[in-house]
Amino acid sequence: DLPVIYAITPTYERPAQRAELTRLSHTFMHVTNFHWIIIEDATKKSDVVTDILVQSKMNYTHLCALTPPDYKRKPKEPNWTKPRGVLQRNAGLQWLRDNRTPEDRGVVYFADDDNTYSIHIFNEMRWTKKVSIWPVGLVGGLLVEKPIVNSSGKVSGFNSAWGMDRPFPIDMAGFAISLPHLLSHPDVKFSFKVKMGHQESVFLEKLTKREDLEPLADNCTKIYVWHTRTEEPNLKFEQKLKSQGKSSLD
Ligand code: UDP
Ligand code: MN
């Protein structure tokens, strides 16, 4: 049997949520032996997320983990001021620790709900021995942020343009961990206390060394994942309707 891909996706309520999750589920439906762990930033499971999961007919686990208000980004705060998805990803990791054993073959991937994923990356990450890594498009102020692979097929550096003090200057979407490797590190998780932009690096430092990384996507020359972000929809007339107690969805 193929190793199972466990994709951990934090998600939160906003106007584009159903659209984002529809696109995401329609990508994931093309991947075999896939288990979607979706964690709502909420106190209870929503109809939107439940609907999408049921309709997808995928293997899934539906969880909730609310971000405390102090850690939530305020409407006018720039997006880099507060880390997002911390408790949700940790809830996903905890579920794996509670429900899977090192004998279960699988790989764990952090798949945010607004990124763009090629199915190629799933078929490659599936065979991760410990920690695999690959380029991520449209992030870090570059068209692509990627590991540099030397002639012996080892990661010798990164092309990142900022945060060079990060031991692993790569986005959340650029690596995967084998399930047995994750389970052999029971304390590894994300934290609000980490320096801004260092979340991935601090996490990976506890799991691997640069020379042990397994480069995918043709020695990190291909882009199979993009850190796309969705524009805030213009709902000015919807707000007008709302003030009259109405909605265009009525
Ligand atoms: N997220 C969340 N709660 C929030 C904001 C974001 O659960 O209050 C989720 C979001 O759905 C996504 C992940 O955390 O899966 C990363 O957030 P976002 O895509 O906004 O971050 P960025 O693209 O700016 O890194
Ligand atoms: Mn995002």
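In the unreviewed UniProt entry, D114 is listed under "binding site". In the predicted model, D114 occupies the loop that connects β4 (106–110) with β5 (116–117). Its surroundings were assessed by counting C-beta atoms: 16 others lie within 10 Å, and D114 is therefore classed as partly exposed, since this class falls between the limits of 20 or more for buried and 12 or fewer for exposed residues. When neighbours within four places in sequence are set aside, the contacts of D114 are E20, T228, R229 and T230.

Backbone geometry was considered next. Most residues other than glycine have a negative phi. Two residues of the model, N33 and A217, are described here with regard to this angle. For N33, which is not a glycine, phi is positive, with a value near 45°. N33 is located in the loop between α1 (17–28) and β2 (34–40). Because 14 other C-beta atoms are found within 10 Å of N33, this residue is partly exposed.

A positive phi also occurs at A217, where the angle is about 55° although the residue is not a glycine. A217 belongs to helix α7, which comprises residues 217–220. The count of C-beta neighbours inside 10 Å is 23 for A217, so this residue is buried, the limit for that class being 20 or more. Thus N33, with its positive phi, lies in a loop, whereas A217, with its positive phi, lies in a helix.

Terms used:
Residues numbered from 1 in each chain as written. Chains lettered and ligands numbered in written order. Predicted model: local features only at pLDDT ≥ 70, side-chain atom pairs only at ≥ 80, totals over all residues. Helix = DSSP H or I, 4+ residues; strand = E, 2+ residues; numbered from the N terminus. UniProt positions renumbered as here; feature names shortened; annotations may be inferred. Contact = placed C-beta atoms within 7 Å.
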